[in-house]
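I opened this entry to look up how aromatic rings pair with one another, and where charged side chains sit over rings. My notes follow the order in which I looked things up.

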Amino acid sequence: MNVTTIMRGAEARCSYCGAQSIVAVCHHCGRPLCARDGISETDDSGRATTEEFTGLELHDARNGEVPVHCKGCRHILPKPPWVMLAAFGTAIVLGRLLQQEMPSAGLSVVLLGAVGVAVLGRMVWVRLRAIAESAPPVPTTPRFATIEATERVEGTMTMEADGRWSSRVSARTGRVSVRASFGEPDRRVLKAYLKKFRPSVPQGELRFCAGFLLLRERLAAELVSTDEASEGAALVLPVSGSVGDVPYLATHEGHGDRTWRAHWDYRVLAALARGTDPPEESGQGSSLPIRLIPSLVPNSDGRVLELDITWAESSKADALPKGQPEGIEARPGDTGLCRPHLEELAIDVPLLWGEVESLSGGGLQGIAPSSSGHLGPMRRVVWRNLALQSAGTGRSIARLQLHFRNRIDPSAEVKGMLALEFSGGISGLTAIDVFDPLGGLRAVDQGEVRTRIEGTFSLRLDILRHREHRVASGRGAEDVSRVAGLAPSHELVLQLARTLRCASFHIQRIEEEPPRVGSEAGRTKSLWDLSGQYRSGLDVFPVHVLVSGEGGGPSDRDGRSFTEVSTTLRGTVSDDGSKLRLDQALSSLRETVAETIREAQKGTPRHPRGATTASSQRSSTASSADLEPGQQN
Amino acid sequence: MTTPELYVRACPEQLELVETYRYRFDIANASSISPIGQATGKLQGVFPYQASEWLLQDASREPGLRIATGRSRDPDFGDLATVGHLVFADWEGTNLEARLTPARVSGTETLRIPGVVRRAPREGDSSAHRRAAAVELDYLPEAAHASPLQLKAEILDRETLEAQEVVELTRSSELDVQKLATKLAQRPEGSPGLLLVLRLQLTLEHARVGAAADVPFVRCVSLHWPTIPWPGSLFLVNFDRSGPRGRTFQYNPESRTVEWTPQLPMDGRTEGAEASRQGVISRWSTRIVISLDEVADLAGETHLTGRLEVNVPGSLASGLDVRHYDATGAQVRRGPQLETRIVADLRLGLEHLLRRRTRSIVHRLFLEGVRLDDRRVADVCSTFVDCGLTVRKRWRSDGGEGGAVVVIDGERLMDGEPLHLIACLQGHRHSAVRTTELAGGRSYRTTLETGDVDLTLHGLLRGARDSLCNVVDAVHGRLRDVFGATADHR
């Protein structure tokens, strides 16, 4: 049995017990803490037992003046014994007064008071010094206008002339950014801070702390240049800066810009760390999670280019399967992405393809001249800001179309850029929790996490096939055989079906409609509907034959009976070969129908190979049918 | 002096045994199913070093248990702690015995994880949360030459798919004749292109009776498609039409495959003695129907290739079973996850499938002036017999808005294949009034009970197309003659 230790993606857990439920961070070191291991410095009545944040106008803050410590940073700054000091001072005064009446007793009281003042004064001095020395950054609670993480994946997509399609990631990065707006409460805190701590540095050089950000879920990411105290705190970002960076705080009058911005960069690893998988060390070289697949729309005369955009989505990394089957791409769900949005699709197409007559898909669309390519001058077609329909968990698809006035040159190469934006982080980041400068969870919205995937593409269209659906039908002279003096009958229909089968037209359905009254009394109109397929190799062309007519008068030979046969043949052609085969099938259909009708008119039904005549069929038993040579395609 | 054994109570985040079998399904003139390489088995376990959730934080309070932190002291992880035991049973079908660490009791393996130190974790040390101990054991199940998976692949058209469903309906024990008549009267929807129909049967011996949720399922299907555009109209059809329809596949341009991960449960139970044996899982999948409207794209290809994977949770094909005990010796109720994966590489001969495909034919006759009664039904049955068919069964329903309905199920063997012919007669009654005026102004009025019959013939036969056509044509012609005469002499 092999036993190894593996490293997995970082995950914010309690630094002590590993619990996932983080309710606080240590305001000194930023370690994430659960409710059990986070130490709130309060007494039984809920008041702060340490002087770190007292007197800083923080009474109205959600967590008041009570800081949170981890076990490693725990300390208490007790309140200086001002009352005792005053009491001993009072004792000195009272001793002096008592000295006039009772000199020895008064002297004792004065001496006791002096000793007490000396001892307590020393204690007060020590504690005040300790408080001043452990002065935290100015604890501010600005309003966060923005807390967001934006991850970017950049790469290229290529389709070669032989149809080989590939994509490659060139960079994976992430950035957490905040935009904070300071207000009057923060100025009050600053004033109280200056009064309490009397810092020796100028006001502008003071540091402030606006709280901490905690990156949630297991991440396949590494923060760039973090100076955090421990690995466990690596997912906690202290939101701190210099008072001088915020003019509103730095000036005495409170004028100037109130906003302050900060960001932290990180590197996204290639794979999301899961149960057993360590995160890959490099994001280079793997495939983009989006694809752009071009095709030519059938029946468009080669004038409509279709672009399929596909992407992979998922809900939670925990739901991922383990071990993908070979040959099948990883089950979409690896990405942690949802709610897709097309930010931009820009494609350069040759002017030779003519005006762009229409664009499908909605969103903001634009067409502008572009630089020249190998097919001469180009124009750029752009879609922007288009919401995409999601198919839930799994790969989804969006389809955009460009209609050109001229035919699309299949030797062309189209280039452009595709950018999609998703909710959620491709690193696995799902949310950002905000903590106040004292370490308590702050009641503000969780930060937004987005991923932008951007790829330039270069697609050769040589491989694309253009399919054309053709219908050869109608009641024109060529496709309708009308024979006078011949009333339609089931014998004729069966004979027609047999001869057609011999010509590879497999008539699969024969339906007789109820007869109707004809054009004259005693005459009836009949209609048979024959449908099936022409099959030759892999060519499948649906065929439809309608046999109609009138008969049943005084005599079918009176010249007023007639039979009409109309034919329809449909097919999809993609090249000259298939066009030729469709044309040949159509000719064969017409010839077969015409010949069968002629034979029937003569009254001498033809005996095609592999079929029986109607009369012989009637007289034969079914077992004789077994002996007919079969023709199969 | 020997070092005392260190025991740690630990909870694995993952502990599973997976056996993977690969087969090549070559369906062509000489169809074959052959194993690809050696089947593999793998035990995988992950023990995270996360104190309260996975490793007992207060283990020191329990006699004989110590704390684990996951911080290793040297690359060889000098200290190993016992976190449990695996007890294997029925391993004869594998080489597991040779792979297990020699122990006093054969068939047991002690789970030991590294990086355990004999002291409490350093306060505030959270780096352990990213660490986990991974336990792996590879073994080889005996190669099973008979694939537990059987594949039925057919190329059909929609008409034939419908006809197959009709035939299956007539084979069901409770037949709703009116429903069947309605189905027979419908034309199939959709384009007239071809369909590739895949149906899987799984027969797994030595299967452990797992939880109710342990249903084998088709995990993924992929087909190589050489052209762009790829056919966007591939879809799934459940036989009873209750399942998801129109679920689209996706095209992977990198591998040029059309892919789908359906998670399609194989919940169709097979009847019969084989299936009812204890310890045998026998399941059918619903039909996976893939529309090949653009089959011409495959011109020049002799074969359609692809891959599918079936997962059988809760059972191992080798018959191996395993139980998990923790460090204190108590059995862990939620034992290791067992799974058998069967990967099938498909190679479907297009020519063979096209030639051997099942054909169907439908003839619909309108018999004017014919009342549907027992004599007319007997006429149809006689015609069937005259044409060499055996009437298996017939059903009659006199209710319904459409009037009386009679369904006759006929069958005969043609070239060793059963030819099914189903006749559906839907009778419509109406009365006509005949008034005869005589000289002198007198007239006689006679009311005639008459009717019409819609007769539909559905024929189905695999392979020999012309035989099917000839038989159905013969029945059609005879019925026309018989009922033409009947109508004339009504």
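**Aromatic rings and their neighbours**

I began with A:Phe541, which counts as buried at 2% relative accessibility, and I kept in mind that the model I was reading is a predicted one.

I then looked up the ring partner of A:Phe541 and found A:Tyr534, with the two centres 5.8 Å apart and the planes at 5 degrees, so I entered the pair as stacked. I also checked A:Tyr534 itself, and its relative accessible area of 12% puts this residue under the 20% cut-off, so it is buried.

Next I asked how many aromatic pairs there are over all chains. The count came to 6 aromatic pairs. For the rings of A:Phe505 and A:Tyr534 I noted centres 4.9 Å apart and planes at 45 degrees, an angle that falls between the limits of 30 and 60 degrees, so this pair is tilted. I traced A:Phe505 to strand S25 (residues 505-512) and A:Tyr534 to strand S27 (residues 524-536), both of chain A, so the pair ties together parts that are 29 residues apart in sequence. I recorded both A:Phe505 and A:Tyr534 as buried.

Elsewhere in chain A, I found that A:Phe182, A:Phe208 and A:Trp260 form one aromatic cluster.

Lastly I looked up which charged side chains lie over the face of A:Tyr248, and I noted A:Arg258 at 4.2 Å from the ring centre, as well as A:Arg187 at 5.6 Å from the ring centre.

Terms used:
Residues are numbered from 1 along each chain as its sequence is written. Chains are lettered from A and ligands numbered from 1 in the order in which they are written. This is a predicted model: local features need pLDDT of at least 70, side-chain atom pairs count only at pLDDT 80 or more; totals for chains, interfaces and linings use all residues. Side-chain values use heavy atoms; hydrogens and water are left out. Rings of Phe, Tyr and Trp (its six-membered ring) pair if their centres lie within 6.5 Å; planes under 30 degrees apart count as stacked, over 60 as edge-to-face and the rest as tilted. Helices (H or I, at least four residues) and strands (E, at least two) are DSSP runs, numbered from the N terminus. Buried means under 20% relative accessible area, exposed over 50%, partly exposed in between (1.4 Å probe, protein chains only). A charge sits over a ring if NZ of Lys or CZ of Arg is within 6 Å of the ring centre and within 35 degrees of the ring normal.
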